Amino acid sequence: MVKPSRKLKKTLLILGVTGAVYLCFRYLLPLVIPFLIAYVFALSLRPSALWIEKKTRFIVKGKVISIPLAVIGGIEVILFMIAFGVLLYVGGRKLFLEARLLLQNLPAILEGMDHWLMDNCSFAERFLKLPDGYAVEIVRDIIAGGQTAIKSRIMPFLMLNSMTIMKWIVQATVIIIILLIATVLSLQEMDDIRQRRDNSMFCFEYAMLGRRLATVGSAWLKTQGAIMLFTMVVCSIGLFFLGNPYFILFGIGIGLLDALPIFGTGTVFIPWALFSMIDKNWKYGIGLIVIYVICYFLREILEAKIMGGKVGLTPLETLASMYVGLQLFGLLGFILGPIGLLIVEDIVEVYEFWCYHDGKETADPEE
């Protein structure tokens, strides 16, 4: 029987590992991701919980008594939820006020857009030598058709998806409760979890996967979180100085849009600036362009500063893995793609080292 060549072995290994990683990401990860998040959250709470536990120790009849870490962690989680709720209330109230102001001014805004549209349609009619009112009627028919289509589809959509939305809300609530309970339990059993991991026959694999997940995940989350936060702040401050009454609402909306794939701040600012300049509002248009330029260079600097070489992939490999991840897993694939590629590379590299550099097997490189 002919012995398979080294190239064939490596090809089969790559295909097998890639398939295993895909199956784990597709079917196993959704089942364990709440507990992974809880474990990471517990890790972030552990230093402060240990400090409080040490400071609250006291001795009774020669026995050291202290507050359990689970209790301290539970209190920290509750305080975090309260602080987050207060922040959410204050920010939501401000957003609600700006949204209500926007709705109140919406008729005036639409009227102004109508006047602007009619003026430009009249200019197009004169330039193209069309009959008076021809372009205006076309635009009005398009707008009326769009409004009719929206009205005819929005109610059926809401009726058909109302139960789905309610089901999603219930599931999200249950997942949040499980996440909080798992965080407290992970904090309580952290030492036992680490001991079982270190004594496991797969301790090396756990360490390798954990290192990759920590490196890539933390670098990506820090980068995207910092970019989104700074983009929101820069956009809100810039719109505030431009006198926009909805500066917080628009700033947060543009920051969230910038975090989505393909989209960016230019999707909003460039058309907005062009329309402002066409309307001869040069100051406003130039101000929007300045905000866009600041956000663009801010993204480039933060990505280079935070990400740097931490991921361990070339720019082309990162782009390709993000695209493949997007096609396979949706938006979450933007982070799963690079992580999966790194895991495949690490496992293949470790297997080759064990097989061909451990003195157990030698092979001709030309095989």
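Count up the aromatic pairs here and you get eleven. Keep in mind as you read that this is a predicted model. Let's start with the rings and then work outwards to the rest of the chain.

**Rings that meet**

Take F240 and F241. Their ring centres sit 5.6 Å apart and the planes make an angle of 70 degrees, so this pair is edge-to-face. Planes over 60 degrees apart get that label. How covered are these two side chains? F240 is partly exposed, with a relative accessible area of 48%. F241 is exposed, at 68%, because the cut-off for that word is over 50%.

Now look at F250 and W272. This aromatic pair is edge-to-face too, with 5.9 Å from centre to centre and 80 degrees between the planes. What does the pair link? It connects distant parts of the chain: F250 belongs to helix α6 (residues 247–259) and W272 to helix α7 (residues 265–278), and the two are 22 residues apart. F250 counts as partly exposed, with a relative accessible area of 26%, and W272 is partly exposed as well, at 22%. Both rings also belong to an aromatic cluster, made up of F250, F269, W272 and Y284.

Here are the four ring residues side by side:

| Residue | Relative accessible area | Label |
|---|---|---|
| F240 | 48% | partly exposed |
| F241 | 68% | exposed |
| F250 | 26% | partly exposed |
| W272 | 22% | partly exposed |

**The cores**

Where is the largest nonpolar core? It has twelve residues: L13, V17, V21, F25, L29, F329, I335, L336, I339, I343, V344 and V348. Two elements each give two or more residues to this core, namely α1 (6–55) and α10 (333–356). The largest share, six residues, comes from α10. There is also a second, separate core of ten residues, and among them are C235, L239, F269 and C295. You have met F269 already, as one of the residues in the aromatic cluster.

**Two residues in helix α3**

Next, pick out S186, which is found in helix α3 (residues 134–188). Is S186 buried or exposed? S186 is buried, because its relative accessible area is 12% and the cut-off for buried is under 20%. Leaving aside neighbours within four places in sequence, S186 is in contact with A38, Y39, A42 and I193.

T183 lies in helix α3 as well. T183 has a relative accessible area of 1%, so it counts as buried. What does T183 touch? Not counting residues up to four places away in sequence, the list is A38, F41, A42, L45 and V77. Notice that A38 and A42 turn up for S186 and again for T183.

**Out on the surface**

Which residues make a nonpolar surface patch? I67, V71, I75, I78, L79, I82, V86, Y89 and V90 form one of about 850 Å². I78, one of these residues, has its place in helix α2 (residues 69–128).

**The chain as a whole**

Stepping back, the protein chain comes to ten helices and two strands. Read along the sequence, the pattern is α-β-β-α-α-α-α-α-α-α-α-α. Of its 367 residues, 26% count as buried. The protein chain exposes about 25300 Å², and carbon and sulfur atoms supply 72% of that area. And what about contacts between residues with a separation of 6 or more? Residues 24 or more positions apart account for 66% of them.

Note on methods: Residues are numbered from 1 along each chain as its sequence is written. Side-chain values use heavy atoms; hydrogens and water are left out. Patches are made of residues with over 30% relative accessible area and no salt bridge: like charges are joined within 9 Å, nonpolar side chains (Val, Leu, Ile, Met, Phe, Trp, Tyr) within 5 Å. Accessible areas come from the Shrake-Rupley method with a 1.4 Å probe; for residues, only the protein chains shown count as cover. A salt bridge is a side-chain nitrogen of Lys or Arg within 4 Å of a carboxyl oxygen of Asp or Glu. Helices (H or I, at least four residues) and strands (E, at least two) are DSSP runs, numbered from the N terminus. Buried means under 20% relative accessible area, exposed over 50%, partly exposed in between (1.4 Å probe, protein chains only). Contact means heavy atoms within 4.5 Å. A nonpolar core is a set of buried Ala, Val, Leu, Ile, Met, Phe, Trp, Tyr and Cys residues joined through side-chain atoms within 4.5 Å. Rings of Phe, Tyr and Trp (its six-membered ring) pair if their centres lie within 6.5 Å; planes under 30 degrees apart count as stacked, over 60 as edge-to-face and the rest as tilted.
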